[in-house]
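Subject: Handing over the structure we talked about

Hi there,

Here is the structure I promised to pass on to you. Please have a look at it first, and then read my notes underneath.

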Amino acid sequence: MEKLDHKDNLDPKDTAMTIEFLRARLLSERSVSKQAKQKADELTDSVVELEEQLKVVSLQRKKAEKATSDVLAILETL
């Protein structure tokens with residue numbers, strides 16, 4: 001029985017096409033990966049900005065609650 005070697009059956013033209021196909025696919029996947037990383041970085045920046053805004057609003061709320069409490073205390077003494 002003759003053993004078939006896959007390498008012997010490959011046409012150089014097919015090999016070149018396969019290499020070009022794989023190269024194009026790799027470049028495409030790199031591009032998609034880069035875009036996904038950029039989007040993740042943008043989302044990270046947005047989260048940081050929202051966290052800062054939340055801190056500011058929370059501080060404003062605490063000040064407003066304190067002011068309301070102070071006004072109510074004054075009104076109760078009248």
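Below is what I found, going from the whole chain to single side chains.

First, a word on what you are looking at: this is a predicted model. The chain has 78 residues, with two helices and zero strands. Helix α2 covers residues 12-77, and that is where the contacts described below are found.

How much of the chain counts as buried? The answer is 0% of the residues. The exposed surface of the chain comes to about 7,800 Å², and 60% of that area is supplied by carbon and sulfur atoms.

There is also an annotation to set beside the model. In UniProt, an unreviewed entry lists residues 33-67 as "coiled-coil region". In the model, that stretch is 100% helix and 0% strand, and 51 Å separate the C-alpha atoms at its two ends.

Now to the charged side chains. Side chains of opposite charge can pair when their charged atoms come close. How many salt bridges does the model have? The count is five, and I will take you through some of them.

Let me begin with K37 and D41, which form a salt bridge with 3.1 Å between the closest N and O atoms. Both residues belong to helix α2, and they are four residues apart, about one turn of the helix. K37 counts as exposed because its relative accessibility is 53%, over the 50% cut-off. D41 has 37% relative accessibility and so counts as partly exposed.

Another salt bridge joins E52 and K55, with an N to O distance of 3.7 Å. Why are E52 and K55 separated by about one helical turn? They are three residues apart in helix α2, which accounts for that separation. Are the two partners exposed or partly exposed? E52 is partly exposed, with a relative accessible area of 44%, whereas K55 counts as exposed at 55%.

Then there is R61, which makes a salt bridge with E65; here the closest N and O atoms are 3.1 Å apart. R61 and E65 are four residues apart in helix α2, so about one helical turn separates them. R61 counts as exposed, at 56% relative accessibility. Its partner E65 is partly exposed, with a relative accessible area of 42%.

Finally, please look at the nonpolar side chains further along. Which residues make the nonpolar surface patch of about 440 Å²? They are V71, L72, L75 and L78. Of these, L72 is found in helix α2. L72 counts as partly exposed because its relative accessibility is 46%, which lies between the 20% and 50% cut-offs.

That is my tour of the model. Do write back if you would like to go through any of it together.

Best wishes

Conventions: Residues numbered from 1 in each chain as written. Predicted model: local features only at pLDDT ≥ 70, side-chain atom pairs only at ≥ 80, totals over all residues. Heavy atoms only, no water. Buried < 20%, exposed > 50% of the residue type's maximum accessible area, 1.4 Å probe, protein only. Areas by Shrake-Rupley, 256 points an atom, 1.4 Å probe, with all protein chains shown as cover. UniProt positions renumbered as here; feature names shortened; annotations may be inferred. Salt bridge = Lys/Arg side-chain N within 4 Å of Asp/Glu carboxyl O. Patch = residues over 30% accessible without salt bridge, like charges linked within 9 Å, V, L, I, M, F, W, Y side chains within 5 Å.
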